[in-house]
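Q: Got a minute to go through this one with me? Here it is.

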Amino acid sequence: MALGIYFVHEGFTPEKYDEAIQKLEAAGAGSPKGRSSHFALESDGRIQVFDVWESQEDFDAFGSTLVPILTDLGVTLAAPMVASVYNTIAG
């Protein structure tokens, strides 16, 4: 069963998001195994992220690359909200 994972980190600006994406690409983790969808939402100058992952293990493996990048950018990490995906509708 897929997982929906929603992040709201303190200090995660659009500029820091763009830099994190560049660093993930450089690390070979721009399209990680197990992530089927990625959405970056901007509200009041702050990025929120919603991803869909095939498994907790795939998400955790990606975290070993993502967390140091965000920490280096000065983003204050918060625990994500994790929920089972009940249904999806395309279009």
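Q: Leaving aside its neighbours within four places in sequence, what is Leu24 in contact with?
A: Leu24 is in contact with Ala29, Gly30, Phe62, Thr65, Leu66 and Ile69, once neighbours within four places in sequence are set aside. Contact here means heavy atoms within 4.5 Å. One caveat up front: this is a predicted model, where local features need pLDDT of at least 70 and side-chain atom pairs count only at pLDDT 80 or more, while totals for chains, interfaces and linings use all residues. Residues are numbered from 1 along each chain as its sequence is written, and side-chain values use heavy atoms, with hydrogens and water left out.

Q: OK, and which residues have the most contacts inside the largest nonpolar core?
A: Those are Ile5, Phe12, Ala20, Leu24, Phe62 and Leu70, in a core of 18 residues. A nonpolar core is a set of buried Ala, Val, Leu, Ile, Met, Phe, Trp, Tyr and Cys residues joined through side-chain atoms within 4.5 Å. Buried means under 20% relative accessible area, exposed over 50%, and partly exposed in between, using a 1.4 Å probe and protein chains only.

Q: Which elements supply at least two residues of this core each?
A: Strand S1 (3-8), helix H1 (14-26), strand S3 (46-53) and helix H2 (56-72) do. The largest share comes from H2, with five residues. Helices (H or I, at least four residues) and strands (E, at least two) are DSSP runs, numbered from the N terminus.

Q: Why would those side chains cluster like that?
A: In soluble globular proteins, nonpolar side chains tend to be buried together.

Q: Zooming out, in what order do the elements run from the N terminus?
A: The order is β-α-β-β-α-β, so two helices and four strands in the chain.

Q: How does the radius of gyration sit against a compact globule?
A: It agrees: the chain has 13 Å, and a compact globule with 91 residues would be near 12 Å. That radius is taken over C-alpha atoms, and the globule rule is 2.2 Å times the number of residues to the power 0.38. The C-alpha atoms fill a box of roughly 35 × 30 × 25 Å along the principal axes.

Q: How much of the chain counts as buried?
A: Of the 91 residues, 32% do. Also, among contacts between residues at least 6 apart in sequence, 73% join residues at least 24 apart.

Q: Switching to Val82, where does it lie?
A: Val82 lies in strand S4 (residues 81-84). Val82 is partly exposed, at 38% relative accessible area. Beyond neighbours within four places in sequence, Val82 is in contact with Leu3, Gly4, Ile5 and Gln56.

Q: And Leu41, what does that one contact?
A: With neighbours within four places in sequence set aside, Leu41 is in contact with Tyr6, Arg46, Ile47 and Gln48. Leu41 is found in strand S2 and is partly exposed, with a relative accessible area of 39%.

Q: Last one: is Asp44 buried or exposed?
A: Asp44 counts as exposed, at 80% relative accessibility. Asp44 is found in the loop between strand S2 (35-43) and S3. Although Asp44 is not a glycine, it has a positive phi of about 55°.
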